[in-house]
Amino acid sequence: MTALQPLRITPHFPVRRMDFSFGRTPRYWWSGDPFMTHFMNNLSSLFPYGEKFFVDSVRAVRDQVRDRQLQKDISAFIGQEAMHSKEHAAYNEYAAEHGIDLHRLELRIKVLMKWVTRLTSKKMQVAVTCALEHFTASMAEQLLRREDISLQMTDPRMYRLWLWHAIEENEHKSVAYDVYQAIGGGYLLRTSAMLVTTVLFLGVIAWFQLHLMRKDGQLFNWKTWKYGLKTLFSLRHGYVPGLLRPYLDYFRPGFHPSQHQTRELEKRWKQALAFAG
Ligand SMILES: [Fe+2]
Ligand SMILES: [Fe+2]
């Protein structure tokens, strides 16, 4: 008779090792357009220290998590976010080669996150992570669903980087939220953290966008503003209007990130990008 083996628990998603090289990526890699390229540069400058904050906030409370499956998922979440930080740091070096200084913006985020860590409780930091993870998952889902927009990323390396990141943001979107619930986080703190985070997040994006456009001498290039604002905000075909409903969902008392079902979408994109697992 064979002894019963203890059940081996594996995480719900893998950590993929990536190593992007942007040596041949042009300066304006989004359809040759400055505004949209800088919008993506803008987002990329948030990731190295933003995602470090996500990891640190979850790591700081993981000793309170009893669920073994969730512990495995936390490890995979940390692995994925660490890989995103690394690859976006490489992205930011690409920008430096074109004379676009994202490093300075990265350091502003470092300072901002340091203040958030200094001034708030550990539980509040996880609540902020949940809010930002909801933003990244919703934005990523929209990018995966809207091929009319994602196909405007005309550089193949950037296309692959952003869609890889988008898949993984959806794969791990429940982890921080489950940790928040496991440490006794409630509705009021979660939603008030979302409101404060929204103001900060949108404020930072607007500030960085103006900064990047000004530094690049594009502040009065109306053609690129028109194209960029239409791509983002057009009521019929824009990227942002589709984010409103998922955003409001976050304020429902019974909300959970897994209610935004994206498994089939992730599967389709993993096949398209030839990812194993
Ligand atoms: Fe990420
Ligand atoms: Fe994430």
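## Iron site

Glu-81 and Glu-133 are both buried. In this predicted model, the two residues are among the protein donors of the iron ion (ligand 2), together with Glu-169 (OE) and His-172 (NE2). Glu-133 is listed twice as an OE donor, and the donor distances for the iron ion (ligand 2) run from 2.0 to 2.7 Å. Along the chain, these donors follow the spacing E-x51-E-x35-E-x2-H. The pair Glu-81 and Glu-133 links distant parts of the chain: Glu-81 sits in helix 2 and Glu-133 in helix 4 (residues 122-145), 52 residues apart.

The iron ion (ligand 1) is coordinated at 1.9 to 2.4 Å by Glu-51 (OE), Glu-81 (OE), His-84 (ND1), His-165 (NE2) and Glu-169 (OE). The spacing of its donors reads E-x29-E-x2-H-x80-H-x3-E. Glu-81 bridges the iron ion (ligand 1) and the iron ion (ligand 2), and the two ions lie 3.7 Å apart. Here too a pair of donors joins distant parts of the chain, with His-84 in helix 2 (residues 68-97) and His-165 in helix 6, 81 residues apart. His-84 and His-165 are both buried.

## Helix 4 against helix 7

Helix 4 also packs against helix 7 (residues 175-182): the two axes come within 9 Å and cross at roughly 150°. The cut-off for roughly antiparallel is an angle over 145 degrees, so helix 4 is roughly antiparallel to helix 7. Their crossing is left-handed.

On the helix 4 side, the contact involves Lys-123, Val-126, Ala-127, Thr-129, Cys-130 and Glu-133; on the helix 7 side, Ala-176, Tyr-177, Val-179 and Tyr-180. By class, the residues of this contact divide into 7 nonpolar, 1 polar and 2 charged. One of the charged residues in helix 4 that meet helix 7 is Glu-133, which is also a donor to the iron ion (ligand 2).

## Helix 6 against helix 11

Helix 6 (residues 156-171) and helix 11 (residues 263-272) have axes that come within 10 Å and cross at roughly 150°. Helix 6 and helix 11 are therefore roughly antiparallel to each other, and helix 6 passes helix 11 in a left-handed crossing.

Helix 6 contributes Tyr-159, Leu-163, Ile-167, Asn-170 and Glu-171 to the contact, while helix 11 contributes Arg-263, Glu-266, Trp-269 and Lys-270. These residues divide into 4 nonpolar, 1 polar and 4 charged.

## Glu-141

Glu-141 is located in helix 4. Its relative accessibility is 15%, so Glu-141 counts as buried, the cut-off being under 20%.

Neighbours within four places in sequence aside, Glu-141 is in contact with Asn-170, His-260, Thr-262 and Leu-265. Of these, Asn-170 is also one of the helix 6 residues in the contact with helix 11.

## Phe-251

Phe-251 lies in the loop between helix 10 (244-249) and helix 11. With a relative accessible area of 21%, Phe-251 is partly exposed.

What does Phe-251 touch, not counting residues up to four places away in sequence? The residues are Tyr-187, Thr-191, Met-194 and Leu-195. Trp-207 is 44 residues from Phe-251 along the chain, and the C-alpha atoms of Phe-251 and Trp-207 are separated by 26 Å.

Conventions: Residues are numbered from 1 along each chain as its sequence is written. Chains are lettered from A and ligands numbered from 1 in the order in which they are written. This is a predicted model: local features need pLDDT of at least 70, side-chain atom pairs count only at pLDDT 80 or more; totals for chains, interfaces and linings use all residues. Side-chain values use heavy atoms; hydrogens and water are left out. Axes are lines fitted to C-alpha atoms, for helices over the stretch in contact, and angles run from 0 to 180 degrees between N-to-C directions. Helices (H or I, at least four residues) and strands (E, at least two) are DSSP runs, numbered from the N terminus. Angles under 35 degrees count as roughly parallel, over 145 as roughly antiparallel, 65 to 115 as roughly perpendicular and the rest as oblique. A crossing is left-handed if the near helix is turned anticlockwise from the far one by less than a right angle, and right-handed if clockwise. Contact means heavy atoms within 4.5 Å. Donors are N, O and S atoms within 2.8 Å of the metal (3.2 Å for Na, K and Ca); water is not among the atoms, so sites may look incomplete. Buried means under 20% relative accessible area, exposed over 50%, partly exposed in between (1.4 Å probe, protein chains only).
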